[in-house]
Amino acid sequence: MDEGSAGQRLDNFLLRELKGVPKTHVYRVIRAGEVRVNKGRAQADTRLEIGDEVRIPPVRVPERAEAPAAPAREFPVVFEDEHLLVIDKPAGVAVHGGSGVSYGVIEALRRARPTAKFLELVHRLDKETSGLLMIAKKRSALVNLQDQLRDRETGKTYAALVWGDWPAKLKVIDVPLVKFVGSDGERWVRPGKEGEEDAKRSISLVKVMQRTKDFSLLDVTIKTGRTHQIRVHLQQAGHPIVGDPKYGDFERNRELARGGSKFDRMFLHARRLQVQHPATGESLVCEAPLPQSCRQLIEAVG
């Protein structure tokens, strides 16, 4: 163990060391007790320290096939100048390659714009989420915008349709969140408790925009940008997002997809974004209308 790995979880250490080995296999050998730390069995969440001796069983690393080149693709442009590009990302498209995805928005954009000297994601959206995504065209813009996000100086508002009648009094969700890796090797998030190690304070502001018999259409403005924050906050409040494949009501989602509306995506859309322009400092407000499938669902159930 070297200094670069100190404090790292065992599973993350192995995934880094055993590049090319499927996640499921890595977790299988950990559960089987084949990975030893200082000659003792260890769990996936064991924290490694400098000087720890990690014994890794022989594993076969598959020969890596050449990853297919990302196809060139442009996306609907909401704002663009020499510093910044803001697009309206469709649902079902990852923002970058990795975790079983060969390529995403950023790789497709770089292929479509071979002369661009710099294109980097400022932030991320879940694959299932649609809406506004910022891409920096200069390093100075990337640093400036990420500083704004870190200092909570931005306004990011999402439209979310949830199951049930959202309580009118519940306007602020201030529930810490904890990231963890499940037995399936997938990344998950759960509500944490005050003082719990790894729990990060997470704040979402909720406003009801429309109510129907079975649904509530919400505007959710996030004051922190945690992984899966809105999805977990709304689910732990008892009102999961319609169509959420990870934290949702799977039976009702299935019924909706098979029903007359044929709605088979997650209803979460990054609809409004407010930042200070990274070069001029002026307020920049971008908006993206609800996708057609989401509008049609609201009309159908309204």
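Me: Where does N253 sit?
Reply: Quick ground rules: this is a predicted model, where local features need pLDDT of at least 70, side-chain atom pairs count only at pLDDT 80 or more, and totals for chains, interfaces and linings use all residues. Residues are numbered from 1 along each chain as its sequence is written, and side-chain values use heavy atoms, leaving out hydrogens and water. Elements are DSSP runs numbered from the N terminus, with H or I of at least four residues for helices and E of at least two for strands. On that reading, N253 belongs to helix α6.

Me: Is N253 buried or exposed?
Reply: Buried is under 20% relative accessible area, exposed is over 50%, and partly exposed is in between (1.4 Å probe, protein chains only). N253 comes in at 12% relative accessibility, so the label is buried.

Me: How far is the C-alpha atom of N253 from that of W163?
Reply: Along the chain, N253 and W163 are 90 residues apart. In space, their C-alpha atoms are separated by 9.8 Å.

Me: What about P167 and H239, what separates their C-alpha atoms?
Reply: P167 is in the loop between β8 (155–163) and β9, and at 36% relative accessibility it is partly exposed. H239 is 72 residues away along the chain. The C-alpha separation of the pair is 9.7 Å.

Me: How many disulfides does the model have?
Reply: The rule asks for a pair of cysteine sulfur atoms within 2.5 Å. Take C286: its closest cysteine sulfur is in C294 at 19 Å, which is too far for a bond. Going by accessibility, C286 is buried at 4% and C294 is buried at 0%. The disulfide count is 0.

Me: And how many salt bridges are there?
Reply: To qualify, a side-chain nitrogen of Lys or Arg has to be within 4 Å of a carboxyl oxygen of Asp or Glu. Counted that way, the structure's salt bridges number 19.

Me: Which residue does R150 meet in a salt bridge?
Reply: The partner shares helix α4 (residues 139–150) with R150 and is 3 residues away, about one turn of the helix. R150 is exposed at 56% relative accessibility, while the partner, D147, is partly exposed at 32%. The N to O distance is 2.7 Å, and the residue that R150 meets is D147.

Me: How many residues apart in sequence are the parts tied together by D174 and R201?
Reply: At 48% relative accessibility, R201 counts as partly exposed, and D174 has that label too, with a relative accessible area of 32%. Their side chains form a salt bridge with an N to O distance of 2.6 Å. Since D174 lies in strand β9 (residues 172–174) and R201 in the loop between β11 and β12, the parts they tie together are apart in sequence by 27 residues.

Me: Are R231 and D244 buried or exposed?
Reply: Their side chains meet in a salt bridge at 2.7 Å, N to O. R231 is in helix α5 (residues 229–236) and D244 is in the loop between α5 and α6 (250–258), so the pair ties together parts 13 residues apart in sequence. As for accessibility, both R231 and D244 are buried.

Me: Which residues are joined into one network by salt bridges?
Reply: Here the bridges share partners, and that links several residues together. The members of the network are E74, E80, R113 and K137.

Me: What is phi of N38 near?
Reply: N38 is in the loop between β1 (36–37) and β2 (40–41), and it is partly exposed at 44% relative accessibility. The residue is not a glycine, yet its phi is positive, near 55°.

Me: And phi of D198?
Reply: D198 is in the loop between β11 (187–191) and β12 (203–211). At 43% relative accessibility, the residue counts as partly exposed. This is another residue other than glycine with a positive phi, near 75°.

Me: Which residues gather in a patch of positive charge on the surface?
Reply: Patch members have over 30% relative accessible area and no salt bridge, with like charges joined within 9 Å and nonpolar side chains (Val, Leu, Ile, Met, Phe, Trp, Tyr) within 5 Å. Lys and Arg count as positive, Asp and Glu as negative, and His and the chain ends are not counted. One member, K23, lies in helix α2 (residues 23–31) and is partly exposed at 36% relative accessibility. The gathering is K23, R124, K179, R187 and K200.

Key:
Accessible areas come from the Shrake-Rupley method with a 1.4 Å probe; for residues, only the protein chains shown count as cover. The place of a charge is taken as NZ of Lys, CZ of Arg, CG of Asp or CD of Glu.
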